Every structure is written in C-alpha cells, then in structure tokens.
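Visitor: I am new to this structure and would be grateful for a close look at a single part of it. Please start from one residue and then describe what lies around that part.

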Amino acid sequence: LEEVQNLLEHSELEMRSFIRGLRPESSSRPKTTNVDLEDRLETLRQRVERQWPITVNLHLNGAVDRVPAALLDDVYHLAQGAIINAARHADGSEVSVDLSVTSSDLRLEVVDDGRGFPFHGTFDLQGLNKMKAGPLTLKERVGRLAGDLTLSSMDTGTVVIMKLPIAHTSD
C-alpha cells in the first residue's frame, strides 16, 4: 500500500510539473539551445506516438537555427500544447507541425485530421477569448508574446496557426 501511495504521489508531481511547463509563467527556466529545441521536439514526437495512436509529422525546414534564444522554450511549449491537445482530444490519426521563421516573425502551424472543436469556423485570439473557447495555455502564451493565433475548426480537423514577432526579440 505504501508503494502504491508513493507511486501516486510521484505521478501527481510529474503531472503538476508537466502542466506548469505548459503555462506561460514558466519562462523563468533556463533557455534551451537551438539544437536542443529540435531534439526536444523529436523527443516529444516519439513520446506522443508511443502514448497515443497518432502519427506526428515535424517539418522544421532548417528554421530552428533562426529561432531567437528568448523564444525557444515558448516555441517548444506552444508546439507541445497543440500536439498533445490533438492527440488527446481530436481522435484523429495524424498531426503535422510546420515551423518557419523569417526576419520578422515565427510561424508555427499545427494541423490534425480529427473531429475539431465543439465550435466550427475560423477564429482569432480575440474571438476565442470573447467566446471563452479554445486551448487556454496556447491563448495565454501567444497573448503574452504579443503574437497572433488563428484556430480553424471543422468536422475534418483543426488548424492552429501561431505567429510570434521576433524582430525585436533579443537573444
């Protein structure tokens, strides 16, 4: 009985730590390196595919090299939140993640082939907040970073597009 209680306490601590990592306030942790971001995303892909019956496709196109250090953890947690939401709730078979970076912004697109949200249509961050709908951790983090979020939900899946400004982000 004591071993079971210890296991439950350990699992609860791991879950709390994971959830804290999704919240925007977690940005006080040390920043990762560019190589570490790519490795972390690959590890996440493997973990999600082991835990859920879903295929995760990552398309980084070399863009990881241009992600400013100040955004690395946030980009990882945005991808993590969107991928895990799709795996848990969409009941689809595939999720694709595309990361692209220009000199002025970073674009992270996550597309799944699941059932979509209970609401259908295309909504921006302001619209989602007004409706009190959509993934809270993604909305909070994108808002804190002065980014844009667009969520398109339909019967055949969801498209989440997050754009973050990087022109004034310091490394």
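Visitor: Is Lys132 buried or exposed, and what is its relative accessible area?

Guide: Please bear in mind that this is a predicted model. Lys132 has a relative accessible area of 75%, which is over the 50% cut-off, and therefore it is exposed. Its place is the loop that connects helix H4 (125-131) with H5. The backbone at Lys132 has a phi near 55°, a positive value in a residue that is not glycine.

From this loop the chain passes to helix H5, which covers residues 136-144 and packs on the sheet. Helix H5 touches S5 and S6, and its direction makes about 155° with that of S5. Within H5, the residues Thr137, Leu138, Lys139, Arg141 and Val142 are buried. An α-helix has 3.6 residues a turn, so residues three or four places apart point the same way.

Just after H5 comes Ala146, with a positive phi of about 55°. Ala146 belongs to the loop between H5 and S5. At a relative accessible area of 58%, Ala146 is above the 50% limit and so counts as exposed. Helix H5 is thus followed by an exposed residue with positive phi, and Lys132, in the loop before H5, is exposed as well.

The chain then enters strand S5, residues 148-154, which pairs with S4 in the antiparallel sense over four bridges. One pair of bridge partners here is Thr122 and Ser152, the latter in S5. On to S6, strand S5 is joined by a hairpin through two residues. The strands S5 and S6 run antiparallel and are joined by seven bridges. Asp148 has Lys163 of S6 opposite it.

Strand S6 deserves particular attention. Seven of its nine residues are buried, so that S6 is mostly covered. Besides its bridges to S5, strand S6 pairs with S3 in the antiparallel sense over eight bridges. Val111 has Val159 of S6 as its bridge partner. A residue of S6 to examine is Thr158. Its relative accessibility is 4%, under the 20% cut-off, and Thr158 is therefore buried. Beyond four places in sequence, Thr158 touches Val110, Val111, Asp112, Gly116, Phe117, Leu151, Ser152 and Ser153.

These strands belong to an open sheet of six strands with mixed pairing, in the order S1-S2-S3-S6-S5-S4. The edges are formed by strand S1 (55-59) and strand S4 (121-124); each has a single partner strand, so one side of each has no neighbour in the sheet. On average, neighbouring strands are turned by 10° against each other, direction ignored. In a regular strand the side chains alternate between the two faces of the sheet.

Helix H3 also meets the sheet. H3 lies across S1, S2, S3 and S6, and runs at about 10° to S3.

Strand S2 contains two residues that merit description. The first to consider is Ser96, which lies in S2 (residues 94-101). With a relative accessible area of 17%, below the 20% limit, Ser96 is buried. Leaving aside neighbours within four places in sequence, Ser96 is in contact with Asn57, His59, Glu109, Val110 and Val111. The next is Leu99, also in strand S2. Leu99 is buried, its relative accessible area being 1%. Among the residues that Leu99 touches, beyond four places in sequence, are His59, Leu60, Val64, Val75 and Leu108. Leu99 and Val64 are 35 residues apart in sequence, and their C-alpha atoms are 7.7 Å apart in space.

Finally, there is the question of empty space. Rolling a probe the size of a water molecule over the atoms shows where empty space is left. The largest pocket has a volume of about 220 Å³. It is lined by 15 residues, of which Asn85, Ala86, His89, Phe117 and Thr158 are the closest to its centre. Helix H3 (72-90), strand S3 (105-112) and strand S6 (157-165) each give two or more residues to this lining. The most comes from H3, with five residues. By class, the lining comprises nine nonpolar, five polar and one charged residues. Thr158 thus links several parts of this description: Thr158 is found in S6, is buried and is one of the residues closest to the pocket centre.

Methods: Residues numbered from 1 in each chain as written. Predicted model: local features only at pLDDT ≥ 70, side-chain atom pairs only at ≥ 80, totals over all residues. Heavy atoms only, no water. Buried < 20%, exposed > 50% of the residue type's maximum accessible area, 1.4 Å probe, protein only. Contact = heavy atoms within 4.5 Å. 1 Å grid on protein atoms, 1.4 Å probe; cavity = no way out; pocket = protein on both sides within 12 Å on 5 of 7 lines; lining within 4 Å. Points joined across faces, edges and corners; volume = space filled by probe spheres on them. Nonpolar A, V, L, I, M, F, W, Y, C, P; charged D, E, K, R; others polar. Pairing = 2+ DSSP bridges. Axes fitted to C-alpha atoms, helices over the stretch in contact; angles between N-to-C directions.
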